[in-house]
Protein chains: 2
Amino acid sequence: MNAQERIQEAIKALQTRKFYTAYPENPRAYAEDANAKGLEAFQKQLNEPFPGLYDEGCEGRIGEEVSPYMQVGLGVDYPKFSVDNLINNATHSHNSWKNISVAKRAEILLESLDAVKEKFFELAYATMHTTGQSFVMSFQASGPHANDRALESIALGYHELTRYDSNVEWVKNMGKFDLKINKNFKPISKGIGLVIGCSTFPTWNTVPGVFANLIVGNAVIVKPHPKSILPIAIVIAEMQKVFASYGLAQTIVQLAPDVISNPITKDLAENSAVQLIDYTGGSQFGEYIESLPNKTVFTEKAGVNSLILQSVNDPKAVFGNIAFSASLYSGQMCTAPQNIFVSKDGIKTADGNLTYDEVVAGIQVSIKGLADNPKMGPYTLGAIQNDLTKKRVETVAKDNSVSTVTVDQVNPEFPEARMVIPMVIGVDASDSQWKEECFGPLLFIVKTDSHEQSLNLAEELGKSKGAITCSCYTTNEDYQSRVEETMNNAFVPVSFNFTGAAFVNQHAAFSDFHVTGGNPSGNATFTDSLFVNRRFVWVGNRFA
Amino acid sequence: MNAQERIQEAIKALQTRKFYTAYPENPRAYAEDANAKGLEAFQKQLNEPFPGLYDEGCEGRIGEEVSPYMQVGLGVDYPKFSVDNLINNATHSHNSWKNISVAKRAEILLESLDAVKEKFFELAYATMHTTGQSFVMSFQASGPHANDRALESIALGYHELTRYDSNVEWVKNMGKFDLKINKNFKPISKGIGLVIGCSTFPTWNTVPGVFANLIVGNAVIVKPHPKSILPIAIVIAEMQKVFASYGLAQTIVQLAPDVISNPITKDLAENSAVQLIDYTGGSQFGEYIESLPNKTVFTEKAGVNSLILQSVNDPKAVFGNIAFSASLYSGQMCTAPQNIFVSKDGIKTADGNLTYDEVVAGIQVSIKGLADNPKMGPYTLGAIQNDLTKKRVETVAKDNSVSTVTVDQVNPEFPEARMVIPMVIGVDASDSQWKEECFGPLLFIVKTDSHEQSLNLAEELGKSKGAITCSCYTTNEDYQSRVEETMNNAFVPVSFNFTGAAFVNQHAAFSDFHVTGGNPSGNATFTDSLFVNRRFVWVGNRFA
């Protein structure tokens, strides 16, 4: 398929929202030696300057990433630029990039995704050793899933940018004569887009904004999280190579690394030349970003995700599914549940009632069982990205007199991995600690007065603190309808009765909207039409 | 054609952007006795309570409109509601309206536009005697053109709300088995939309936001300008009748009148139940509206529109076109030019050069000629809506030692009409008064150092103060390209070399984007896809 056919296929997928992928998620779908080569490339990179990035005018090099698996520094550094330098480069490259046709931009961007595809395994190891994700998740999230999300942005952008006939002869009959006016309709790119990455999903959460900006003609500066630079550096280096191969400025997309002790994010964000900001990260900084005047802002902040447990057929299957959702990457996914609402009267099952305490125990047992399973535990939990997350979880556990349960089954490959088994803490609805986001491997099981209160609390929390997902287990049709309507009205999507291989955490490109944009968890969506349309302006000129 | 076919035809028109209208603009296209009946209805309404609006729970009646043609009060009053009452009604009606299917909502809204069509002539007289527009402009702007703009919102909304398949079976092959998840995708309306009208175009600028809100399922409160209530009251009464005929709450759209001495706009705008605000009016209040936290805001504020005069073939035709654009509704259109940039070296014409002074004189003569033409003058100028506008223009003229030129040809039908001939004031580029919006019949002819400076000043003004239109006359292809690119990059559309029946002031539904949304003249566009998509949120639910 040529570029145009690939784009059209992706546009169709966006409309039908059925399963679609352009980059298979199974590592075995790639060359037999790809994994070994990727590992080798990653290992060769350790303790070396990162090569291949545009570095003209750079002012030294920086980098301070630490592997959550090995708990040692990666020793990789990247070209460092002043904010002025970054802005000047972006202004310069924007002036040429914006004048390239949409079809050509799409072709170039597809080619850059294909170049990234050749790096999927190296990307996987880079992601593992910056985020703490397991190998399989690292491969999928930073490789094929991120590329699919990027393709989604390109396809939607292409669709929107070409939605109007661009040259029109407008003829109005005025009675005795025809008034003829020629018109053109042009999507004008807004300028320079800053994309601020997070530490846990350094490419998956970054590339949608990057490619959405690029397809509409904006130049991009990526400010990665200082602890997760390598994955997106690999992506940007590939993109810069492709731009150069077309004789274009490499600085159409730039990497802007910084270090924790000397952050440059605010300087970039507040710069008047920066017109657009994409942000993934904590709510407090996200609210600051949203408050900046005269910027077009796309945020994914934190939410507090609810799980409503009302009635189930097979409690074991449900507890297993919940355990996996809470354990996957140690609860460090923005889509992981934090609070499980259970009525004080317990839940109905096919084999009679389970009390609240039995539910708590059942979930605890499932999590422990998963964590201790040598074939599953280490590869589900991954490692804790940030030491602060581990400490916070331990403090909450201590405050609640829940003893910190260590992971019996350490990761045989990485005995130093930063790990903690997800904590299960039973609390009363009147308690307050579950009402705030507690990022990391922590589940509150909230005892409510009734299933009605469970729903009310989930709704209130979605409205006040935001939620990216909601999960509900119920065999009662009426209750299910009410949960759907109530949560949807708080702009929270609901996943019902997930068992087996369906997990609330996973949002698929071309089908699932990631973050609705309607509640405090974020103001934007991967990927609705606003995600591209807000990045440019339609201007129509008229010619007598 | 049924509703569905009419919507599909309008959607197609939006894409092709060729001439399209669903409601003919020629008064003669309507019934022979329609004009007489409309006039009679308007005259009967004078000094009477306005009937037909929902008034349950109203707290008295108010109204203080004054005819700019007769300079006497209309004596019409409208049911007055407390803010709490309006919000309660809207909350109640939103709950039912949002659950009606998109197709049904579209059908009901089309029917309400058809009901409004029956009132076009009454609307015309109501618009004349609140805004000061001429009869023909009143008829066209408040009648067919407003209805076309409303239909545009309905059609675009319908298109966007139905763009995804709403129920999907998502099947992912997992190797040994298929993972099947049923998904639905629902556009969830944001809630209550407040639409704040202006005094000069009480329906044309109001109905796009009203119908865009309604098609997505929001309830609407219209807060008209206290001096221009009657036209939109007529529209809302028709809509309420149609809602009632479907057994729906009339309060899906409500009129919220107030008086200058006791405004309720801020109370409504700041109410937490109001999720969306559409605003047309001055920049200062518009900036306050834009600054309100947690609101989805669509503004059309003031701009300072530029006209660049570089070179022309036929100066008489050009000056005539400019004179008409500046005189139409006495310069009270948001699309009227304010500043004409002319190089100190004058302009090239087919018959040699014209000096700057000759350009000023030529435009002055054309304006005077138009104003004094008994068949054209009164019907082009209309009347000045607000006494403050007349006083401001007279003050500026006096400050510039330009004697106020009275209109020789008074309006024979309305000898008391508030009129002033458009002032032409020659100023130097170094002067500052032309850099601010001077609303009303006032043209600054700015003497610049060069055609380059003319363009630079127009660009700067567009970026700093905003501009809704730009007009340029040039016979030089290179200059034309630079004007197009430069102004477009400031998100200002340009109309080139308009003469004859083409006027920069006029923006056609289904073709011209009104306000780009990219410069300080406003943050929204009639009608791009953002105009409807920002009013609702996509939510996708998943079912195992």
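This passage looks at helix H3 in chain A and at an open sheet in chain B. The model is predicted, so local features are reported only at pLDDT of at least 70 and side-chain atom pairs at pLDDT 80 or more, while totals for chains, interfaces and linings use all residues. Residues are numbered from 1 along each chain as its sequence is written, with chains lettered from A and ligands numbered from 1 in the order in which they are written.

Helix H3 of chain A covers residues 83-97 (helices are DSSP runs of H or I with at least four residues, strands runs of E with at least two, numbered from the N terminus). Its 15 residues should span 21 Å (1.5 Å times one less than the number of residues), and the end C-alpha atoms sit 20 Å apart, which agrees. Buried residues of H3(A) include Leu86(A), Ala90(A) and Trp97(A) (buried means 20 or more other C-beta atoms within 10 Å of the residue's own, exposed 12 or fewer, partly exposed in between, with C-beta atoms placed from the backbone). Turned away from the buried side are the exposed Asp84(A) and Asn95(A).

Over in chain B, five strands form an open sheet with parallel pairing, in the order S7-S6-S5-S8-S9 (strands pair if DSSP finds at least two bridges between them). At its edges are S7(B) and S9(B), each pairing on one side only. S6(B) and S7(B) share three bridges in the parallel sense, and Val220(B) stands opposite Val253(B).
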